[in-house]
Amino acid sequence: EQAQGYQNLGYIYLQEGCYGKAHDNFQRALKVNPDYLEARYNLALTYTKMEKYEEARKEFRTILAVNPSIADAHHALGSIAYTEGKFEQAAEDIAKAVQLAPEVPTYWHDYGAALMELSRFAEAREAFAHCVSLDQKNPLCLNNLALAQRKAALTDSALKEVRDTQLAENTAPALYTLARQYNEQGLVSEEERTYKKCLRLDGKYAPCHYGLYK
């Protein structure tokens, strides 16, 4: 009936990659003490390692229901959302982690990565810059900062005029042209959204169907 013993044993198994045994011991710890947040957090991490994302999400949300100020739990939820391609949700969750613990470089990097997927390059640039200010030799943040700066510059200058012109025209051919511009700049998320907008405007416009298929 020693919850801490089960928790400690589970943690050892988790570090060794024995996720099944880790899971069982964290479950035993929680059976003894359902309020044991450390064991619940480690159980959620174990589920994440096992790629059981729904179970992991449930445990992280249970933790946050008890204490919404745990930055690691918000970040973990955002990481799961990112893995599943839910970038809006990822950015929202990781933003909460950043607000709670702005001194953690990893949070800023992952927040920037989610913003990049949403083509929010200026915001991503700021996130990566924060990461670099905290860890000046972080190679991921340095590389992604440079990439975000280039993407933001493209979006802020040449592409802005094209985007404004085509959106003002608001026809299927104009939106297709805009989507192709996004394609040439590597702005995949924006390209996809523009094809979908084109098809909402004219569901029979074949070039947008083909572009979305590609």
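1. To start with a term used throughout: a residue is called buried when its relative accessible area is under 20%, exposed when over 50%, and partly exposed in between, with a 1.4 Å probe and protein chains only. By that rule, the buried residues of helix 3 are Ala-39, Arg-40, Tyr-41, Asn-42, Leu-43, Ala-44, Thr-46 and Tyr-47.

2. A quick word on the ground rules. This is a predicted model, in which local features need pLDDT of at least 70 and side-chain atom pairs count only at pLDDT 80 or more, while totals for chains, interfaces and linings use all residues. Residues are numbered from 1 along each chain as its sequence is written, and side-chain values use heavy atoms, with hydrogens and water left out.

3. Back to helix 3, with the naming rule first: helices (H or I, at least four residues) and strands (E, at least two) are DSSP runs, numbered from the N terminus. Helix 3 has 13 residues and covers 18 Å from its first C-alpha to its last, close to the 18 Å expected at 1.5 Å a residue. That expected span is 1.5 Å times one less than the number of residues in the helix.

4. What do the buried residues of helix 3 pack against? The partners are helix 1 (3–16), helix 2 (19–32), helix 4 and helix 5 (71–83), where contact means heavy atoms within 4.5 Å. As a reminder for reading such lists, an α-helix has 3.6 residues a turn, so residues three or four places apart point the same way. Just after helix 3, Glu-51 takes a positive phi of about 60°.

5. Next, the aromatic side chains. Rings of Phe, Tyr and Trp (its six-membered ring) pair if their centres lie within 6.5 Å; planes under 30 degrees apart count as stacked, over 60 as edge-to-face and the rest as tilted. The structure holds six such aromatic pairs. One of them is Tyr-41 with Phe-60: the ring centres are 5.6 Å apart and the planes meet at 65°, so this pair is edge-to-face. Tyr-41 sits in helix 3 (residues 37–49) and Phe-60 in helix 4 (residues 53–66), so the pair links distant parts of the chain, 19 residues apart. Phe-60 is buried, at 0% relative accessibility.

6. A second pair worth a look is Tyr-176 with Tyr-205, which is edge-to-face because the ring centres lie 6.4 Å apart with planes at 65°. Tyr-176 lies in helix 11, whereas Tyr-205 is in the loop between helix 12 and helix 13, so parts 29 residues apart in sequence are tied together. Tyr-176 is partly exposed, with 25% relative accessibility. Together with Tyr-195, these two tyrosines, Tyr-176 and Tyr-205, form one aromatic cluster.

7. How many disulfides does a search of the whole structure find? There are two, a disulfide being a pair of cysteine sulfur atoms within 2.5 Å. Counting bonded cysteines along the chain, the pattern is 1-2, 3-4.

8. One disulfide joins Cys-131 to Cys-141, with an S to S distance of 1.9 Å. The torsion about this S-S bond of Cys-131 and Cys-141 is about 80°, so the disulfide is right-handed. Because Cys-131 lies in helix 8 and Cys-141 in helix 9 (residues 139–156), the pair ties together parts that are 10 residues apart in sequence. Both Cys-131 and Cys-141 are buried.

9. The other disulfide joins Cys-198 to Cys-208, at 2.1 Å from S to S. The link of Cys-198 and Cys-208 is right-handed, with 95° about the S-S bond. Cys-198 belongs to helix 12 (residues 188–201) and Cys-208 to helix 13 (residues 206–213), 10 residues apart. Cys-198 and Cys-208 are buried.

10. Two backbone spots deserve a glance. Ser-119 is not a glycine, but its phi is positive, near 60°. Ser-119 is in the loop between helix 7 (105–117) and helix 8 (121–134), and at 12% relative accessibility it counts as buried. Asn-170, also a residue other than glycine, has a positive phi of about 55°. Asn-170 falls in the loop between helix 10 (158–169) and helix 11 (172–185) and is partly exposed, at 34% relative accessibility.

11. Finally, Lys-96 lies in helix 6 (residues 87–100) and is partly exposed, with a relative accessible area of 34%. The C-alpha atoms of Lys-96 and Arg-180 are separated by 35 Å, with their positions 84 residues apart along the chain.
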